[in-house]
Amino acid sequence: MLMHKGIGLDRFNALSRRRAVHALYECCCNVTWAEKIADQRPYPDRAALFATAEAELLALSRGDLDRICDSGTHQQIPDRSAQELARITRERIDRMLGPDGGYSTF
């Protein structure tokens with residue numbers, strides 16, 4: 001379950017680095033990847049965030065990918081491929097962001 005759910009892109013861009021890394025870690029279970037994505041903020045749109053997230057994920061070593069797959073990513077990754085992990089991570093980032101403006105924070 002994501003702790004950062006429906007925060008929207010603007011709020012994600014405004015999070016402290018620590019919170020942004022935590023939110024991204026929930027999506028992929030790799031601190032190095034999460035730090036790289038957080039450090040490239042602000043993102044102008046979702047497409048830019050998704051493209052950066054996928055590029056950084058595909059750049060990870062085989063060992064890093066295996067550790068992510070073994071870490072309890074809340075979902076089985078049958079073929080343990082970077083492409084499948086990228087698809088799952090994109091879905092999780094999309095849930096983290098929620099609708100375009102995020103959910104209201106009463």
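Pro-42 is found in the loop between H3 and H4. The peptide bond that leads into Pro-42 from Arg-41 is cis, with omega near 5°. Most peptide bonds are trans. This report describes a predicted model, and begins with its overall makeup before turning to single helices and loops.

**Overall makeup**

The protein has six helices and zero strands. Read from the N terminus on, its elements run α-α-α-α-α-α. The protein has 106 residues, of which 48% count as buried. Its exposed surface comes to about 6000 Å², and carbon and sulfur atoms supply 52% of that area. Among contacts with a separation of 6 or more, 61% are between residues 24 or more positions apart.

The largest nonpolar core holds 28 residues. Those with the most contacts inside this core are Phe-12, Leu-24, Trp-33, Leu-49, Leu-57, Ile-93 and Met-96. The elements that give two or more residues to the core are H1, H2, H3, H4, H5 and H6.

**The loop between H2 and H3**

Cys-29 and Asn-30 both belong to this loop. Cys-29 has a positive phi of about 65°, although it is not a glycine. Most residues other than glycine have a negative phi. Cys-29 has a relative accessible area of 14%, and buried means under 20%, so Cys-29 is buried.

Asn-30 has a relative accessibility of 9%, which is also under the 20% limit, and therefore counts as buried. A side-chain oxygen of Asn-30 lies 3.2 Å from the backbone nitrogen of Thr-32, and in this way Asn-30 caps the N-terminal end of H3. The side chain of Asn-30 also reaches the backbone nitrogen of Trp-33, at 2.7 Å. With its neighbours within four places in sequence left aside, Asn-30 is in contact with Tyr-25, Leu-60, Asp-64 and Ile-68.

The table lists the polar contacts at the starts of H3 and H4.

| Side chain | Backbone nitrogen | Distance |
|---|---|---|
| Asn-30 | Thr-32 | 3.2 Å |
| Asn-30 | Trp-33 | 2.7 Å |
| Asp-45 | Ala-47 | 3.3 Å |

**Helix H3**

The buried residues of H3 are Trp-33, Ala-34, Ile-37 and Ala-38. Seen down the axis of H3, these residues fall within an arc of 130°, so they line one face of the helix. They pack against H2, H4 and H6. Trp-33 is thus a buried residue of H3, is among the residues with the most contacts inside the largest nonpolar core, and has its backbone nitrogen reached by the side chain of Asn-30.

**Helix H4**

H4 covers residues 46-58. Its 13 residues should span 18 Å at 1.5 Å a residue, and the C-alpha atoms at its ends are 18 Å apart, which agrees. Asp-45 caps the N-terminal end of H4, with a side-chain oxygen 3.3 Å from the backbone nitrogen of Ala-47.

Arg-46, Leu-49, Phe-50, Thr-52, Ala-53, Glu-56 and Leu-57 are buried in H4. Viewed down the axis of H4, its buried residues fall within an arc of 165°, so they line one face of the helix. What covers them includes helix H1 (8-14), helix H2 (17-28), helix H3 (31-39), helix H5 (62-70) and helix H6 (82-97). Two of the buried residues named here, Leu-49 and Leu-57, are also listed among those with the most contacts inside the largest nonpolar core.

**Helix H6**

H6 has 16 residues and reaches 22 Å from its first C-alpha to its last, close to the 22 Å expected at 1.5 Å a residue. Its buried residues are Ala-82, Glu-84, Leu-85, Ala-86, Ile-88, Thr-89, Arg-92, Ile-93, Met-96 and Leu-97. They pack against H1, H2, H3, H4 and H5. Ile-93 and Met-96, buried in H6, are also listed among the residues with the most contacts inside the largest nonpolar core.

Arg-95 has its place in H6 as well. At 40% relative accessibility, Arg-95 counts as partly exposed, because that class lies between 20% and 50%. Arg-95 and Lys-5 are 90 residues apart in sequence, yet their C-alpha atoms are 6.0 Å apart in space. Just after H6, Gly-98 takes a positive phi of about 70°.

Terms used: Residues are numbered from 1 along each chain as its sequence is written. This is a predicted model: local features need pLDDT of at least 70, side-chain atom pairs count only at pLDDT 80 or more; totals for chains, interfaces and linings use all residues. Side-chain values use heavy atoms; hydrogens and water are left out. Helices (H or I, at least four residues) and strands (E, at least two) are DSSP runs, numbered from the N terminus. The expected span of a helix is 1.5 Å times one less than its number of residues. Buried means under 20% relative accessible area, exposed over 50%, partly exposed in between (1.4 Å probe, protein chains only). The arc is that of the directions from the helix axis to the C-beta atoms. Contact means heavy atoms within 4.5 Å. A polar contact is a pair of N or O atoms within 3.5 Å; within protein, one must be able to donate a hydrogen and the other to accept it, and residues adjacent in sequence count only if both atoms are side-chain atoms. A nonpolar core is a set of buried Ala, Val, Leu, Ile, Met, Phe, Trp, Tyr and Cys residues joined through side-chain atoms within 4.5 Å. Accessible areas come from the Shrake-Rupley method with a 1.4 Å probe; for residues, only the protein chains shown count as cover.
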